[in-house]
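Work through the exercises below with the structure open. Try each task before reading its solution.

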Amino acid sequence: MAVLTNTGGSEAERRLTRRFALRWAVAGAGSALLAGCDDKKSKSPTPTATVAPTATIAAAAGAVDFSARFAAFAPTDEPNGDLAKVVWPAYVLNAGGDVKQLYEFQVLNGDLMRWMPCFCACKGDGHHNNRDCYVKAVNADGSVVFDAMAPT
Amino acid sequence: MTVTRDVIELNAQGLSPRAIRVAIDAKFAAQMEDATDTPYPPA
């Protein structure tokens, strides 16, 4: 911040100097104020978030570790099925939406879904993982016996 | 079915099975009492 010092000169010159300094200070303050109001949001479009909500939630939760809670349990065998051998039940075909795609993923990813839980309280029905709500069994030839619980 | 959708999405992002499981459990933490007895994948 400029400090005015009385360096001499005429009274008119000193008034001019003070007036200039005052205008400069006001102009500077005004610019700063406008810059603060320069909401970048109003100038550039808000970027669209591309982070998956689940991942974001996990990060926000500090990645709470529930692994110890489930350490005593063993994974079940969940062999992958063969989509070419699948005969789709009516409740899958009639469900619409992405239900068939979800079932397809479950058929092809038993090795992954065997590690994922289900939270629909199906434990009482003897289910051991999320896949059990979709797939009851995979036969040796790759054909699949489905469970109807998932869409309900 | 929400779990399956989330797993599909996270798997497509390249997360490891364990990281996916951590994310799923974090999202459904409030329902943990209803969770199946499913172990965590190896680290």
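**Exercise 1. Classify B:Thr38 by accessibility, then list its partners.**

Step 1. The model is predicted. Start with the accessibility of B:Thr38. Its relative accessibility is 0%. The cut-off for buried is under 20%, so B:Thr38 counts as buried.

Step 2. Place B:Thr38 in the chain. The residue sits in the segment after α2 of chain B.

Step 3. Look for polar partners of its side chain. A polar atom there lies 2.6 Å from the backbone oxygen of A:His128. The side chain of B:Thr36 also makes a polar contact with that of B:Thr38, at 2.7 Å.

Step 4. List the touching residues, leaving out those up to four places away in sequence. From chain A they are A:Phe70, A:Arg114, A:Trp115, A:Met116, A:Pro117, A:His128 and A:Asn129. From chain B there is B:Arg21.

**Exercise 2. Describe the contact between chain B and chain A.**

Step 1. Count the residues. Chain B gives 35 residues and chain A gives 40 residues.

Step 2. Take the area. The accessible area lost when parts come together is often used to give the size of an interface. Here the buried area is about 3400 Å², with 69% from carbon and sulfur atoms.

Step 3. Find the leading residues on the chain B side. B:Met1, B:Thr36 and B:Asp37 lose the most area to chain A. Together they make up 19% of what that side buries.

Step 4. Count the polar links. There are 3 salt bridges between chain B and chain A. One of them joins the side chains of B:Arg5 and A:Asp98, at 2.6 Å from N to O. Residue pairs in polar contact, with both at pLDDT 80 or more, number 9.

Step 5. Assign the chain B side to helices. α1 (2-12) and α2 (17-27) of chain B each supply at least two residues. α2(B) gives the most, with 10 residues.

Step 6. Sort that side by class. It has 19 nonpolar, 6 polar and 10 charged residues.

**Exercise 3. Which residues have the most contacts inside the largest nonpolar core, and which elements supply it?**

Step 1. Recall the general trend. Nonpolar side chains tend to be buried together in soluble globular proteins.

Step 2. Identify the core. The largest one has 19 residues. Those with the most contacts inside it are A:Leu112, A:Met116, A:Phe119, B:Val7, B:Ile20 and B:Ile24.

Step 3. Map the core onto elements. α6 (110-113) of chain A and both α1 and α2 of chain B each supply at least two residues. α2(B) gives the most, with 4 residues.

Step 4. Zoom in on A:Leu112. Leaving out residues up to four places away in sequence, A:Leu112 touches A:Phe105, B:Val7, B:Asn11, B:Pro17 and B:Ile20.

Step 5. Check for another core. One of 16 residues lies apart, with A:Val92, A:Tyr103, A:Val107 and A:Tyr134 among them.

**Exercise 4. Is B:Glu9 buried, partly exposed or exposed?**

Step 1. Locate B:Glu9. This residue lies in helix α1 of chain B.

Step 2. Apply the cut-offs. Relative accessibility is 34% for B:Glu9, so the residue counts as partly exposed.

Step 3. Relate B:Glu9 to B:Ile20. The two are 11 residues apart along the chain, and 9.5 Å separates their C-alpha atoms.

**Exercise 5. Summarise the fold of chain A.**

Step 1. Count the elements. Chain A has 6 helices and 2 strands.

Step 2. Read their order. From the N terminus it is α-α-α-α-α-α-β-β.

Step 3. Add burial. Of its 152 residues, 29% count as buried.

Step 4. Add contact range. Among contacts in chain A with a separation of 6 or more, 52% come from residues 24 or more positions apart.

Technical notes
Residues numbered from 1 in each chain as written. Chains lettered and ligands numbered in written order. Predicted model: local features only at pLDDT ≥ 70, side-chain atom pairs only at ≥ 80, totals over all residues. Heavy atoms only, no water. Contact = heavy atoms within 4.5 Å. Buried area = accessible area lost by both parts, 1.4 Å probe. Salt bridge = Lys/Arg side-chain N within 4 Å of Asp/Glu carboxyl O. Polar contact = N/O pair within 3.5 Å; in protein donor to acceptor, adjacent residues only side chain to side chain. Nonpolar A, V, L, I, M, F, W, Y, C, P; charged D, E, K, R; others polar. Buried < 20%, exposed > 50% of the residue type's maximum accessible area, 1.4 Å probe, protein only. Core = buried A, V, L, I, M, F, W, Y, C linked by side-chain atoms within 4.5 Å.
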